[in-house]
Amino acid sequence: MNLSFSKQINEGDTIVVSLCSYYTEIASLIGSDHYFELINIDIVRENGQSVVPMSALSDICRTLVKILDDTPDAVAYYFCDYVAEIPGMRQGRDISCQSYRNRLFKLLFQKFSQDSKDEWEDREIIIENMETGNLYAHLIYRNRHKDVIAALVDEILKDSDAILSQK
């Protein structure tokens with residue numbers, strides 16, 4: 001899979017969501033006999049600093065659920081951004097941007113996965129990092145792919161330095 005879509009927030013303020021299956025050899029790497037397609041979800045803001053309204057996030061989530069529902073062998077991977085600041089976040093709030101995004105992702109996933117025709121699970125992965133604070137990733141999967149999740153988590157934790165170098 002290699003596709004993207006965008007959601008305009010305000011004039012010149014756009015969020016681009018990309019889905020890409022560039023981990024094509026992952027099944028052999030983790031020793032799985034079951035076929036699955038590991039799809040990386042990347043969410044990037046292009047321009048703008050306005051607060052993203054919940055309606056825009058809802059539209060993005062609905063579109064993601066539809067795409068994943070239409071991809072029967074999908075296991076989705078999302079890494080919460082830890083670099084970009086969050087526009088409109090109150091100063092002095094005792095939470096990192098990556099922790100905030102992690103909480104928001106979990107809440108949105110719980111809400112919108114209920115609209116799916118399939119049952120989806122969310123496996124949160126916490127990568128301990130002394131330089132940036134805890135980092136968060138998520139594996140979104142159907143029960144039929146549950147047997148590969150532990151191996152994927154191990155691989156993500158083992159290769160977290162390589163993942164971080166790509167962000």
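Two strands count as a pair if DSSP finds at least two bridges between them. Helices (H or I, at least four residues) and strands (E, at least two) are DSSP runs numbered from the N terminus. The model is predicted, so local features need pLDDT of at least 70 and side-chain atom pairs count only at pLDDT 80 or more, while totals for chains, interfaces and linings use all residues. Residues are numbered from 1 along each chain as its sequence is written, and side-chain values use heavy atoms, without hydrogens and water.

**View 1. Order of elements in the whole chain.**
Five helices and six strands make up the secondary structure of the protein. Read from the N terminus, the elements follow the order β-β-α-β-α-β-α-β-β-α-α. The C-alpha trace spans about 45 × 40 × 25 Å along its principal axes. Of the 167 residues, 46% count as buried (under 20% relative accessible area; exposed is over 50% and partly exposed lies in between, with a 1.4 Å probe and protein chains only). Among contacts (heavy atoms within 4.5 Å) with a separation of 6 or more, 62% come from residues 24 or more positions apart.

**View 2. The hairpin of β1 and β2.**
Strand β1 covers residues 2–10 and runs antiparallel to β2, to which eight bridges join it. Two residues lie between the strands of this hairpin. In the turn, G12 has a positive phi of about 75 degrees. Across the pair, S6 stands opposite V16 of β2. Strand β2 is mostly covered, with six of its eight residues buried.

**View 3. β2 against β3.**
Strand β2 (residues 13–20) also pairs with strand β3 (residues 37–46), in the antiparallel sense and over seven bridges. V16, which faces S6 in the hairpin, has V44 as its bridge partner in β3. The neighbouring position I15 stands opposite R45 of β3. Strand β2 thus appears in two pairings: with β1 over eight bridges and with β3 over seven.

**View 4. β3 against β4, with A76.**
Here the pairing is parallel, and five bridges link β3 and β4. I39 of β3 has A76 of β4 as its bridge partner. A76 is buried, with a relative accessibility of 0%. Beyond its neighbours within four places in sequence, A76 is in contact with I39, I41, L68, H138, L139 and I140. G48 lies 28 residues from A76 along the chain, and the C-alpha atoms of these two residues are 27 Å apart.

**View 5. β4 against β6, with Y77 and Y78.**
Strand β4 (residues 74–79) holds Y77. Strands β4 and β6 pair in the antiparallel sense over four bridges, whereas β4 and β3 pair in the parallel sense. Y78 of β4 stands opposite H138 of β6; H138 is also among the contacts of A76. Y77 has a relative accessible area of 3%, and is therefore buried. Between Y77 and Y100 there are 18 Å from C-alpha to C-alpha, for a sequence distance of 23 residues.

**View 6. The two faces of β6, and its pairing with β5.**
Strand β6 is largely enclosed by the rest of the structure, because eight of its eight residues are buried. L135, A137, L139 and Y141 point one way from the strand. Y136, H138, I140 and R142 point the other way, and the residues of both sets are buried. Strand β5 (residues 120–127) runs antiparallel to β6, and eight bridges join the two. I125 has A137 as its bridge partner in β6. Strand β6 is thus shown in two antiparallel pairings, one with β4 over four bridges and one with β5 over eight.

**View 7. H145 in the loop after β6.**
H145 belongs to the loop between β6 (135–142) and α4 (146–158). This loop residue is buried, with a relative accessible area of 4%. With neighbours within four places in sequence left aside, the contacts of H145 are Y35, F36, P72, D73, A74 and V75.
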